[in-house]
Amino acid sequence: MFKLTNLSKALIIAALVPALSGCNWVVMSPSGDIASQQADLIIWATILMLIIVVPVIALTFWFAWRYRASNRDAKYSPDWDHSTHLELVIWAAPLAIIIALGAMTWVSTHQLDPYRPLSRLDEGKPIPEGVEPLVVEVVAMDWKWLFFYPEYDMAVVNELAAPLDRPIKFKITATTMMNSFFIPALAGQIYAMGGMETKLHAVINEVGVYDGFSANYSGAGFNGMRFKFHGMEEADFEQWVSKVKGEGDALTRSVYKELEKPSEREPVRYYSTVMPDLYHKILNRCVDPGTLCMEDMMSGHKHAAHKRESKQESMPAVAGHHEH
C-alpha cells in the first residue's frame, strides 16, 4: 500500500477543512504507526471513490445544463438507446476502482489485524531484536477503566502510559456490559466483553497526552468513561512507574470488590501491588472465593462431552455383536 507523505496529508486535509472545520482530526493525524496506516487506508479509499464520484456529479450538472429545454442547439435523438464506447467507460472505470479497493482492503485487513503482533515500529523502522512488547491488561468497568501492568505488578484506574517505540500488547475484557476500548491517536477501537478476551497490538511514536474512552454506549456513566494515555520517553515512563509504585496502595480482593461497584467520573488511582492472577480471575468470572472459573467449567464440559462421544462410538460395535 502506498504511503502518503505528511505534505500529501496536509494538502488533502486543507482541501476539506472548510467543510469539516468543526471536526477533531486526531484520527487523520495520529501519533501511532497502526493508526497512521489506518488513516492512509481511509484517505486512499476516499481518493479512489472520488475518481468516480466527482466526474459523475460534474456530468450530472453538465447534462442538466447542456440539454435544458431552452438550449435549441443540443442534438435531439429520441431513438438513441445504446453506445458501446459509453458502456465500456461506464462499467470499466467502476470495475477497476472496485478491484483496486478490494485488493487494498484485503492486504490492509491482514496487515492491520489487531491480533497480529507488530512487524515494525514505524515506516522504515523495524523492531529491534530482543525487544518484548509491553503487556497491558485492560478491564472495562462500570464506568471506569482498570489497567494492569503485569511486568511491574501494578495497576492504574483511568490513566495509561507507555514508552515511545515499544510494542504494546493489550489484553482486553470487561466486568459486565460491552464497551469499546479506543485511543484514536494510537489505533482503532476494540470491543471489551465480559467473559471474553480481545487483543490489540499497537505502538506510540510521539510524546504526548492523548484521549482514550469507550466508544460503545454502556449506561448512565458512559460519558465520563474517559482516561488519558501518556506517550513518554523511556526515562519518563520509568519515573511514572516509580510514582505508581511509590504512591499506590495494594489492590486486594476486597479493594477490587469495592472498586467494581458502579461509579461515575472516578479520579486516577494507583495500585502498587496487585492480587495474584486478578485479571485472570476477572476474565473467568471467579474473583469471589469458591467460584468455579469459566475456563474450568468449560474444560469440565469438554471432558464430559468427550466421554459421551467415546461411549456412543463404542455402542454400535456392542450392538452388532449381540445381533450376530
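The following exchange goes through the strands, loops and disulfide of a predicted model.

Biologist: How many helices and strands does the secondary structure of the chain come to?
Modeller: The chain has 324 residues, and buried residues make up 37% of them. Among contacts between residues at least 6 apart in sequence, 67% join residues at least 24 apart. The accessible surface comes to about 19,300 Å², with 61% of that area belonging to carbon and sulfur atoms. As for secondary structure, the count is seven helices and 12 strands.

Biologist: Which are the edge strands of the open sheet of seven strands?
Modeller: The pairing in this sheet is mixed, and the strand order reads β8-β5-β1-β2-β3-β12-β11. An edge strand pairs on one side only, and in this sheet that description fits β8 (198–202) and β11.

Biologist: By what angle are neighbouring strands of that seven-stranded sheet turned against each other on average?
Modeller: The angle is taken with direction ignored, so that the parallel or antiparallel sense of a pair does not enter. For neighbouring strands of this sheet, the average is 30°.

Biologist: Which residue of β3 stands opposite F148?
Modeller: F148 is found in strand β2, which spans residues 144–149. Strands β2 and β3 pair in the antiparallel sense over four bridges. Within this pairing, the residue of β3 that stands opposite F148 is A155.

Biologist: Is F148 buried or exposed?
Modeller: Leaving aside neighbours within four places in sequence, F148 is in contact with a set of residues including V135, V139, M154, L251, V274 and I282. The C-alpha atoms of F148 and V138 are separated by 6.5 Å, although the two residues lie 10 apart along the chain. The relative accessibility of F148 is 3%, and because the cut-off for this class is under 20%, the residue counts as buried.

Biologist: In which sense do β3 and β12 run, and which residue of β12 stands opposite V157?
Modeller: Three bridges join β3 (residues 154–157) to β12 (residues 269–274), and these two strands run antiparallel. In β12, the residue that stands opposite V157 is R269.

Biologist: What handedness does the β-α-β unit of β11, helix α5 and β12 have?
Modeller: Strand β11 (residues 249–251) pairs with β12 in the parallel sense over three bridges, and L251 stands opposite V274 in β12. Helix α5 covers residues 253–259 and forms a β-α-β unit together with β11 and β12, the handedness of which is right-handed.

Biologist: Which are the edge strands of the open sheet of five strands?
Modeller: This sheet has mixed pairing and the order β4-β10-β9-β6-β7. Its strands that pair on one side only are β4 (159–163) and β7 (190–192).

Biologist: Which residue of β7 stands opposite N179?
Modeller: Strand β6 (residues 179–182) is joined to β7 by three bridges, and the two run antiparallel. In that pairing, N179 stands opposite A192.

Biologist: At about what angle to β4 does helix α4 run?
Modeller: Helix α4 comprises residues 234–247 and lies across both β4 and β10 (226–232). With respect to β4, the helix runs at about 140°.

Biologist: Where is the peptide bond from D142 to W143, and is it cis or trans?
Modeller: W143 lies in the loop between β1 (134–141) and β2. The omega of the bond from D142 to W143 is near -10°, and the bond is cis.

Biologist: Is D277 buried or exposed, given that its phi is near 60°?
Modeller: D277 has its place in the loop between β12 and α6 (278–283), and its phi is a positive value in a residue other than glycine. D153, in the loop between β2 and β3, also has a positive phi, near 50°, and is partly exposed with a relative accessible area of 36%. For D277 the relative accessibility is 55%, and because the class begins over 50%, this residue counts as exposed.

Biologist: Is the disulfide of C286 and C293 right-handed or left-handed?
Modeller: A search of the whole structure finds one disulfide, which joins C286 to C293 with an S to S distance of 2.0 Å. Both of these cysteines are buried. The torsion about their S-S bond is about 75°, so the disulfide is right-handed.

Key
Residues numbered from 1 in each chain as written. Predicted model: local features only at pLDDT ≥ 70, side-chain atom pairs only at ≥ 80, totals over all residues. Heavy atoms only, no water. Pairing = 2+ DSSP bridges. Right-handed = clockwise from strand over helix to strand, strands pointing away. Contact = heavy atoms within 4.5 Å. Axes fitted to C-alpha atoms, helices over the stretch in contact; angles between N-to-C directions. Disulfide = S-S within 2.5 Å. Buried < 20%, exposed > 50% of the residue type's maximum accessible area, 1.4 Å probe, protein only. Areas by Shrake-Rupley, 256 points an atom, 1.4 Å probe, with all protein chains shown as cover.
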